[in-house]
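Welcome! Here are some exercises to work through with the model open beside you. Try each task before you read its solution.

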Amino acid sequence: MKILLLGKNGQVGWELQRALAPLGELLALDRSQADLSEPESLRAVITNFKPNWIVNAAAYTAVDKAEDEKDLAYTVNADSVGVLAEEALKLNAWLIHYSTDYVYDGDKQGEYVETDDVNPLSVYGKSKLAGENNIREVGCKYLIFRTSWVFAAKGNNFAKSMMNLAKDRNELKIVADQFGAPTSAELIADVTSFCIQRLIGMNEQLSNDRVGTYHLVSDGKATWHSYAQYVISKATSLGERYSVSTQSILPITTDEYPLPAVRPKNSKLSTDKLKESFGISLPHWSMYVDRMLEEII
């Protein structure tokens, strides 16, 4: 079995290198080797390697910057994804692609399910939805995993930003009216590997029945405020010293912290479909935050 991984140096891509390597011949590429800002260049990469699986962990993820770089965001997140789907179809290969909670507007009460209406509020969210739609229109075999609030020991993320800020400030003001599930890149990679193995073990009809879009997030939910409090509290228990205490991490509203791109206030995604289709459980987000902090501290 041959697996092509794109975006190997991102948070998810880095963990995927570990999780996918035991499954077969893995070709893991970074942007210098497979640049999604040049969609047509991807065809030769795929044609030459002839993978059975294409796993796309590359994306344009600068959410606020995308408001001013719409063309680039769409090229990377939509046009190139369509090319990957077309090449997967030619080879009868599977395409695994990662999307986002930002395809929703966040107005729903309760958890979003995969069949809920989408209504992205930002250029980033719209470009990611366009990528999803391109895959569906091409009609290759695919898994689209929508995830949220991704973190890892490698790279930059919210938890690390909070730890850095807490060393220099006496007070932090963090948004407390946006809800979601912090999700580990490690979990995303392990679930991806598990799903591939399950599909390989199924007959063609059963595996084809699994084609579709799934929510892949940790169990539980948090606000950015409660997430920040948890990170600082746990890091402190591991020996870190901060100017900020959990009591001086103050809740604010989204309106008090305006950003160029509008975020959905409710990003909680139901994972029932994924659990039932592949027979897996998804641990609480705090377990993976603990693991990350123990690794980097």
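A note before we begin: this is a predicted model.

**Exercise 1. A leucine and its surroundings**

Task: Decide whether leucine 238 is buried, partly exposed or exposed, and find the patch to which Leu238 belongs.

Solution:
- Step 1. The relative accessible area of leucine 238 is 32%.
- Step 2. Buried means under 20% and exposed means over 50%, with partly exposed in between. Leucine 238 is therefore partly exposed, because its value is 32%.
- Step 3. Now place the residue in the fold: leucine 238 sits in the loop between α8 (224-237) and β12 (249-252).
- Step 4. Look for its partners on the surface. Leu238 forms a nonpolar patch with Ile296 and Ile297, and together they have about 200 Å² of accessible area.

**Exercise 2. Two salt bridges to compare**

Task: For the pairs lysine 108 with aspartate 116 and glutamate 132 with arginine 146, give the N to O distance and say whether the partners are buried or partly exposed.

Solution:
- Step 1. In the pair of lysine 108 and aspartate 116, the side chains meet at 2.6 Å, N to O.
- Step 2. Lysine 108 has a relative accessible area of 27%, so this residue is partly exposed. Aspartate 116, with 23%, is partly exposed too.
- Step 3. In the pair of glutamate 132 and arginine 146, the N to O distance is 2.7 Å.
- Step 4. Glutamate 132 lies in helix α4 (residues 123-138), while arginine 146 lies in strand β5 (residues 141-147), so this salt bridge ties together parts that are 14 residues apart in sequence.
- Step 5. Both glutamate 132 and arginine 146 are buried.

**Exercise 3. A link across the chain**

Task: Find which helices are joined by the salt bridge of lysine 234 and glutamate 294, then look at the salt bridges of the whole structure.

Solution:
- Step 1. The closest N and O atoms of lysine 234 and glutamate 294 are 3.8 Å apart. A salt bridge needs a nitrogen within 4 Å of a carboxyl oxygen, so this pair counts.
- Step 2. Lysine 234 is in helix α8 and glutamate 294 in helix α10 (residues 285-296). The two residues are 60 residues apart, and the pair links distant parts of the chain.
- Step 3. Glutamate 294 has 48% relative accessibility, so this residue counts as partly exposed.
- Step 4. Searching the whole structure gives 15 salt bridges.
- Step 5. Salt bridges can also join up: Glu40, Arg43, Glu86, Glu87 and Lys90 are linked in a network.

**Exercise 4. Two backbone angles**

Task: Lysine 50 and asparagine 92 each have a positive phi; find the loop that holds each residue and work out how exposed each one is.

Solution:
- Step 1. Lysine 50 is not a glycine, yet its phi is positive, about 55 degrees.
- Step 2. This lysine 50 belongs to the loop between α2 (41-49) and β3 (53-56). With a relative accessible area of 48%, lysine 50 is partly exposed.
- Step 3. Asparagine 92 is not a glycine either, and its phi is also positive, about 55 degrees.
- Step 4. The loop between α3 (70-91) and β4 (94-100) holds asparagine 92. Its relative accessibility is 53%, so asparagine 92 counts as exposed.

**Exercise 5. The second largest pocket**

Task: Describe the volume of the second largest pocket, its lining residues and the helices that supply them.

Solution:
- Step 1. Start with the space: the second largest pocket holds about 220 Å³.
- Step 2. Its lining has 15 residues, and those nearest the centre are Trp53, Asn92, Trp94, Lys141 and Ser207. Asn92 is the asparagine of the previous exercise, with its positive phi.
- Step 3. Sort the lining by kind: 8 residues are nonpolar, 5 are polar and 2 are charged.
- Step 4. Trace the lining back to the fold. Both α6 (185-200) and α7 (204-209) supply at least two residues, and α7 gives the largest share, 3 residues.

**Exercise 6. Sequence and space**

Task: Find how far apart tryptophan 224 and threonine 61 are, along the chain and in space.

Solution:
- Step 1. Tryptophan 224 is in helix α8 and is buried, with a relative accessible area of 15%.
- Step 2. Along the chain, tryptophan 224 and threonine 61 are 163 residues apart, while 18 Å separates their C-alpha atoms.

Technical notes
Residues numbered from 1 in each chain as written. Predicted model: local features only at pLDDT ≥ 70, side-chain atom pairs only at ≥ 80, totals over all residues. Heavy atoms only, no water. 1 Å grid on protein atoms, 1.4 Å probe; cavity = no way out; pocket = protein on both sides within 12 Å on 5 of 7 lines; lining within 4 Å. Points joined across faces, edges and corners; volume = space filled by probe spheres on them. Helix = DSSP H or I, 4+ residues; strand = E, 2+ residues; numbered from the N terminus. Nonpolar A, V, L, I, M, F, W, Y, C, P; charged D, E, K, R; others polar. Patch = residues over 30% accessible without salt bridge, like charges linked within 9 Å, V, L, I, M, F, W, Y side chains within 5 Å. Areas by Shrake-Rupley, 256 points an atom, 1.4 Å probe, with all protein chains shown as cover. Buried < 20%, exposed > 50% of the residue type's maximum accessible area, 1.4 Å probe, protein only.
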